[in-house]
Amino acid sequence: MSFVQLGLIEELLKAVADQGYTTPTPIQQKAIPLIIEGRDVLAGAQTGTGKTASFTLPLLQRLVATHNPEQNPRRVRALILVPTRELAAQVYENVIAYSKYLPLQIQSVVGGASVGMQTRDLKRGCDIIVATPGRLIDHVNQRHVNLSNIEVLVLDEADRMLDMGFMPDIKQIMTLAPKKRQSLLFSATVPNAIKSLASQLLNNPIEVEVAKQNATAENVTELVYGIGREYKRELISYLIGSNNWKQVLIFVRTKHGADRLEKQLIEDGIRTAALHGDKTQGARNKALEQFKTGKVSALVATDIAARGLDIDDLPHVINFDLPQVPEDYIHRIGRTGRAGSSGAAISLVCPEEAWQLVEIEKLLKRHIPRVEDTGYEPVSLKVMDAPKKNAPSANGKKDFRHTKKPGAKSAKAPAGRGAGGQRTDSRGKGRSNSRGKS
Ligand code: AMP
């Protein structure tokens with residue numbers, strides 16, 4: 001199925017093509033035609049399934065069909081409620097991208113941003129608001145925004161909104177929006193509390209559900225290696241070499257980190273390319289081509305560079321660094337184990353990243369299995385203090401410091417040249433990378 005078959009207008013098809021999407025995802029195939037028709041929808045879909053486009057594209061299509069360019073100031077006709085600022089930022093970016101050929105104004109209303117600027121912008125008018133409930137209610141109470149012209153109301157990640165205690169805010173917002181409107185409720189899970197909310201919010205809804213996305217597919221083995229940061233690169237070389245992996249996508253946090261790891265893996269005798277935002281388009285295309293055709297077996301990439309790339313269905317994904325944004329974990333892992341093939345997703349987690357792992361597991365609502373014997377001295381991944389975002393360490397260096405076993409050799413010697421001395425199991429004794437250059 002193509003986006004054309006879903007009945008989308010030219011301007012949206014162009015915007016979708018600009019994003020590099022060629023085929024609608026299952027949730028898009030199911031939800032888009034229903035929403036264009038004007039139906040209320042209760043959708044069970046997780047992050048990573050393409051759910052944002054599945055409500056945004058038809059919402060834009062409906063608004064633009066009855067758009068009045070003479071209306072001044074603009075009246076708010078659609079409201080997208082989301083639980084967190086981070087999600088608001090993502091959804092806002094998506095709405096902006098998909099509406100780039102349409103004459104619609106979008107505004108984001110979230111906590112943490114300047115109230116004064118938001119107030120000024122709200123008074124100027126807009127067609128669509130992407131908001132977190134608390135800040136929106138503040139503006140409503142101060143009469144900065146009028147919700148009485150809402151035609152489409154979207155609740156995204158409704159289960160999280162309930163978990164976060166937004167139910168009273170949502171109820172208040174519902175009473176301010178007109179009764180005659182289209183309502184869409186998206187939720188990763190659909191427990192009774194969501195069904196009850198749906199019965200109050202939606203009018204004769206159609207339920208659509210998509211299978212859990214790849215991140216949780218049974219054919220993807222997810223593992224966490226707790227390991228000191230200084231040994232990560234060596235462990236990667238060991239895993240690739242000893243298992244003879246032919247196609248591994250390795251995620252790192254920074255462009256600089258990508259370049260450094262590329263260089264180190266090449267030194268270890270692994271054919272590697274790097275992909276990040278500072279590379280020219282030509283260099284990126286070349287790296288991707290080499291990876292796809294098997295000329296290189298490891299591709300080191302940042303999240304931004306990997307986003308939107310047609311490199312799916314990979315047998316192995318390694319998180320050299322955990323992502324800063326927990327949702328990115330799902331995007332990364334979603335590249336393995338597609339269409340029934342099996343995949344492995346390995347995260348190398350050092351103590352300083354323990355809090356990020358906690359956030360990821362909170363989002364996934366499950367525990368990722370730990371490898372008990374990593375071949376290295378065990379490290380603690382327990383977070384003792386409240387997570388401090390962007391802090392270098394969750395609990396101070398001392399508690400988490402990696403302790404090398406007595407007699408371990410330097411980690412600096414290139415793997416493949418007998419640097420595997422740190423490994424404490426028999427596999428690593430002689431060598432960490434069986435394909436090391438010689
Ligand atoms: P979401 O579930 O909305 O968070 O989307 C997950 C990711 O899938 C985002 O990075 C989108 O840009 C991307 N995406 C959405 N629809 C498609 C599609 N039809 N083809 C490829 N990527 C898509």
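1. Helices here are DSSP runs of at least four residues, numbered from the N terminus. With that convention in place, Arg-135 can be located in helix H6, which covers residues 133-141. The reader should bear in mind throughout that this is a predicted model.

2. Arg-135 deserves a closer look. Its side chain is buried and yet takes part in no salt bridge. The nearest side chain of opposite charge belongs to Asp-138, at 4.3 Å. A salt bridge requires a side-chain nitrogen of Lys or Arg within 4 Å of a carboxyl oxygen of Asp or Glu, so the distance of 4.3 Å to Asp-138 does not qualify. What partner does the side chain of Arg-135 have in a polar contact? The partner is the side chain of Gln-118, at 3.0 Å.

3. The surroundings of the ligand come next. A shell of 13 residues encloses the ligand, and the closest of them are Tyr-21, Gln-28, Gly-48, Gly-50 and Thr-52. Sorted by character, the shell contains three nonpolar residues, nine polar residues and one charged residue.

4. Several polar atoms of the protein face oxygen atoms of the ligand. For Gly-50, a backbone N or O atom stands 2.8 Å from a ligand oxygen. For Lys-51, a polar backbone atom is found 3.2 Å from an oxygen atom of the ligand. For Thr-52, it is an N or O atom of the side chain that approaches a ligand oxygen, at 2.6 Å. How much of the ligand does the protein bury? Taken alone, the ligand exposes 500 Å², and 77% of that area is buried by the protein.

5. Thr-47 belongs to the loop that runs between strand S1 (41-44) and helix H3 (51-65). Is Thr-47 buried or exposed? Its relative accessible area is 10%, and buried means under 20%, so Thr-47 counts as buried. The C-alpha atom of Thr-47 is separated by 7.3 Å from that of Ala-188, although their positions lie 141 residues apart along the chain.

6. The structure contains 15 salt bridges. One of them joins the side chains of Arg-77 and Glu-151, with an N to O distance of 2.6 Å. Why does this pair tie together separate parts of the sequence? Arg-77 sits in the loop between H3 and strand S2 (78-81), whereas Glu-151 sits in the loop between H6 and strand S5 (152-155), so the bridge connects parts that are 74 residues apart in sequence. The two partners also differ in exposure: Arg-77 is buried at 9% relative accessibility, while Glu-151 is partly exposed at 32%.

7. A further salt bridge is formed by the side chains of Glu-222 and Arg-366, at 3.1 Å from N to O. This pair likewise links distant parts of the chain, 144 residues apart: Glu-222 is in strand S8 (residues 220-226), and Arg-366 is in the loop between helix H15 (354-364) and helix H16 (397-400). Glu-222 is buried, with a relative accessible area of 7%, and Arg-366 is partly exposed, with a value of 25%.

8. Arg-370 and Glu-361 also meet through their side chains in a salt bridge, with 2.6 Å between N and O. Arg-370 is partly exposed at 31% relative accessibility, whereas Glu-361 is buried at 14%. Which residues are joined into one network by salt bridges that share partners? They are Lys-51, Asp-156, Glu-157 and Arg-160. Lys-51 has already appeared in this note, where its backbone was placed 3.2 Å from a ligand oxygen.

9. Some features of the backbone also merit attention. The peptide bond leading from Asn-72 to Pro-73 is cis, with omega near -5°. Pro-73 is part of the loop between H3 and S2, and Arg-77 lies in that loop too.

10. Finally, positive phi values occur in residues that are not glycine. Asn-244 has a phi of about 55°. This residue is placed in the loop between helix H10 (232-243) and strand S9 (248-251). With a relative accessibility of 40%, Asn-244 is partly exposed. Lys-365 has a phi near 60°, again a positive value in a residue other than glycine. Lys-365 is found in the loop between H15 and H16, which is also where Arg-366 is located.

Key. Residues numbered from 1 in each chain as written. Predicted model: local features only at pLDDT ≥ 70, side-chain atom pairs only at ≥ 80, totals over all residues. Heavy atoms only, no water. Near = heavy atom within 4 Å. Polar contact = N/O pair within 3.5 Å; in protein donor to acceptor, adjacent residues only side chain to side chain. Areas by Shrake-Rupley, 256 points an atom, 1.4 Å probe, with all protein chains shown as cover. Nonpolar A, V, L, I, M, F, W, Y, C, P; charged D, E, K, R; others polar. Helix = DSSP H or I, 4+ residues; strand = E, 2+ residues; numbered from the N terminus. Buried < 20%, exposed > 50% of the residue type's maximum accessible area, 1.4 Å probe, protein only. Lys, Arg positive; Asp, Glu negative; His and termini not counted.
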